[in-house]
Amino acid sequence: MTIYLPIAELSVNIFIILGMGAAVGFLSGMFGVGGGFLITPLLIFYNIPPVVAVATGANQVVASSISGAITHFRRGTLDVKLGTVLLVGGLSGATLGIWIFSLLRAIGQLDLFISLLYVVFLGTVGGLMLLESVNAMRRAARNEPPAPRKPGHQHWVHRLPLKVRFKKSKIYLSVIPIVALGFSIGILTSIMGVGGGFIMVPAMIYLLRIPTNVVVGTSLFQIIFVTAYTTIVQAATNFSVDIVLAFILMVAGVIGAQYGVRVGQRLRGEQLRALLGLLVLAVGLRLAIALVVTPVDVYSVVMGAGY
Amino acid sequence: MRLLASLVVFLCLLPAAAGAQWLPGQATEAVREGLEIGTSTSEIAITSDFHGADLTIFGALSNTDQLLLAIGQYDVVVVLEGPREDATVRRKERVFGIWVNTRSMTFETVPHSYSMSSSRMIDDVTTPLELTDQGIGIDHIPLTPVGFVGDGSNLGEFRQAFRRLQQLGGLYERDPSGVRFVSSNLFKASLRLPANIPNGVHTVRAYLFKSGIFVTEKSLPLRVIKTGIEQMITDAAHEQPILYGCFSVLLAVITGWGASLIFRKD
């Protein structure tokens, strides 16, 4: 059964889109990630124009992050104050990101830039994840205790001015690195159509030393608002949010996530991370190949003024 | 059939014509031929399950030379021209192993779609010069680059690529047998509307040629309006973009929240 996507302007098989949404939802439930960094490349592989894939991906992340954020809010593992500071950076970053996005689109380098960013980020994050989880599995096999963290190490981040006390997170931290982190993730959200949790969570834990229990909930809180903002601004400037595509992905995604969570609870942490690392690397590799292989046609046509 | 009939007529008239030293085309110098066309509708509503269609156009010739008509010296070319827009063609090149869009060229106000029907192959109807003058045919649509194009050495390849890609995408089409004479003065033309036909005011143009020389043309506007839920969404996305964006977010919030309510473990 085919369905016409009004903004992407092409007919697609609804079952493929449903399957894509359900599969990514399943994985996002299993690994506790938003799934935007998988949805957008998959849509591009399925010939959805990257402009539409990115904007629609951001819209889909709103739905997939909301139920997680609600759960964390109920459990009290969401620091609203910390989230708001992140959000200040996130919204300004997203605004700059949209501006870069439109500029790249105008000069015809958007598709290339999106692919390159994905190759770099997926390659780095996937590689690190795989390395770390393989090391953890080796240690477990040899019955060694996990490598101890360097205690009492005075991080440069903690010497910055403008310190604020975040009661829920039980930390006293400068707002500068928090805003900066939110800002960089915001740029990525609008250019790549991702929530950015896969970068934000490790950065909050290892760079800002925020307690692990509030990290996921707080990052989800900021992701919801930044992706919602990005969706609206993308719709207003690039007219590229496909609501039909987004809705199919959302519905399949939230259902898939429920089953993913159940499977994820039965698997061990390092196995889970190794699997996710492999998957992320595979998607990155597929995009890298597409950049290098000789295209079918070296010419392309864009109708309409302005770009 | 028509060809055979015209051949018979031509052979019958040949001795008489030769005897009277009368040359075809002479008698029509005084009266110019007329051309009238009509479509069944001036507006086409396209539903969401549209997969392309044929549009029929009827036309009549007047003040024709019966002899020339009989031997098939009149040719009709009918074109459905889409709304005009600027078109940008980009070319990829390998830079450090990666394929990058390096050069581009923008052509001024070219038709978004172009569907042409004729009574025979367009190149047999008249000379390339005449086609270029009138801008008739996929290969003769004027493609004027915007701005500075350097020495213009690659103008040809960009023009060629544009025409090729538009044909590949089904937006530019030609049918050399789409125009048929139903009687001596009446013709019927069928034009292909591609599945991805753009919205807006299209123009139906008919051109009349006599012995390879352009005589006259007629044009009619044709509004193409897409209908259905998909079109409503497209219109909303372009006319009320902020509201549309807010609605997309609202839909996501409801879906996400709804899922957390439905699957809540109590």
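User: How many residue pairs are in polar contact across the interface of chain B and chain A?

Analyst: The rule finds 16 such pairs across the interface, both residues at pLDDT 80 or more. The model is predicted.

User: Which elements of chain B give two or more residues to the side that touches chain A?

Analyst: They are β5 (84–95), β6 (98–111), α5 (155–168), α6 (229–239) and α7 (241–262) of chain B. The most comes from α7(B), with 16 residues. By class, this side of chain B divides into 25 nonpolar, 12 polar and 10 charged residues.

User: What makes chain B and chain A count as being in contact?

Analyst: Heavy atoms within 4.5 Å are what the term requires. On that basis, 47 residues of chain B are in contact with 48 residues of chain A. The area buried between the two chains is about 4300 Å². Carbon and sulfur atoms give 66% of that area. On the chain B side, B:R90, B:W99 and B:F263 supply 16% of what is buried against chain A, more than any other three residues.

User: Why is the pair A:D297 and B:R164 called a salt bridge?

Analyst: The cut-off is 4 Å between a side-chain nitrogen of Lys or Arg and a carboxyl oxygen of Asp or Glu. For A:D297 and B:R164 the closest N and O atoms are 2.8 Å apart. The pair therefore meets the 4 Å rule. Across this interface the rule finds 1 salt bridge.

User: How many salt bridges are found over all chains?

Analyst: A search of the whole structure gives 15. One involves the side chains of B:R103 and B:E157, at 3.9 Å from N to O. Set against the 4 Å limit, that value qualifies, so the pair is a salt bridge.

User: What does the pair B:R103 and B:E157 tie together?

Analyst: B:R103 lies in strand β6 of chain B and B:E157 in helix α5 of chain B, so the pair ties together parts that are 54 residues apart in sequence.

User: How do you know that β5 of chain A and β5(B) pair?

Analyst: Pairing asks for at least two bridges. Strand β5 (residues 299–303) of chain A and β5(B) have 5 bridges, in the antiparallel sense. They therefore count as paired. Within this pairing, A:Y299 stands opposite B:R91.

User: Which strands make up the open sheet that holds β5(A), and in what order?

Analyst: The order is β5(A)-β5(B)-β6(B), with antiparallel pairing. β5 of chain A and β6 of chain B are the edge strands, each pairing on one side only. Neighbouring strands are turned by 20 degrees against each other on average, direction ignored. β5(B) and β6(B) are joined over 11 bridges in the antiparallel sense. There B:R91 stands opposite B:R103.

User: What is the strand order of the open sheet of 6 strands in chain B?

Analyst: The order is β2-β12-β11-β4-β7-β8, and the pairing is mixed.

User: Why are β2 and β8 of chain B at the edges?

Analyst: β2 (43–46) and β8 (172–175) of chain B each have a single partner strand, so one side of each is left without a neighbour in the sheet. From one strand to the next, the twist averages 20 degrees.

User: What makes β4 and β11 of chain B a pair?

Analyst: At least two bridges are needed. Strand β4 (residues 74–81) and strand β11 (residues 200–210) of chain B have 8 and run antiparallel, so they qualify. One of the bridge partnerships joins B:V78 to B:A206.

User: Which residue of the hairpin of β1(A) and β2(A) takes a positive phi?

Analyst: A:E9 does, near 60 degrees, and the hairpin has 4 residues between the strands. β1 (residues 2–5) and β2 (residues 10–13) of chain A run antiparallel and are joined by 4 bridges. A:T2 stands opposite A:N13.

User: How many residues lie between β3(A) and β4(A) in their hairpin?

Analyst: There are 4, and A:K170 in the turn has a positive phi of about 60 degrees. Strand β3 (residues 163–166) and strand β4 (residues 171–174) of chain A pair over 4 bridges in the antiparallel sense. The bridge partner of A:R165 is A:Y172.

Technical notes
Residues are numbered from 1 along each chain as its sequence is written. Chains are lettered from A and ligands numbered from 1 in the order in which they are written. This is a predicted model: local features need pLDDT of at least 70, side-chain atom pairs count only at pLDDT 80 or more; totals for chains, interfaces and linings use all residues. Side-chain values use heavy atoms; hydrogens and water are left out. Axes are lines fitted to C-alpha atoms, for helices over the stretch in contact, and angles run from 0 to 180 degrees between N-to-C directions. Buried area is the accessible area (1.4 Å probe) that two parts lose on being put together, summed over both. A polar contact is a pair of N or O atoms within 3.5 Å; within protein, one must be able to donate a hydrogen and the other to accept it, and residues adjacent in sequence count only if both atoms are side-chain atoms. Ala, Val, Leu, Ile, Met, Phe, Trp, Tyr, Cys and Pro count as nonpolar, Asp, Glu, Lys and Arg as charged, and the others, Gly among them, as polar.
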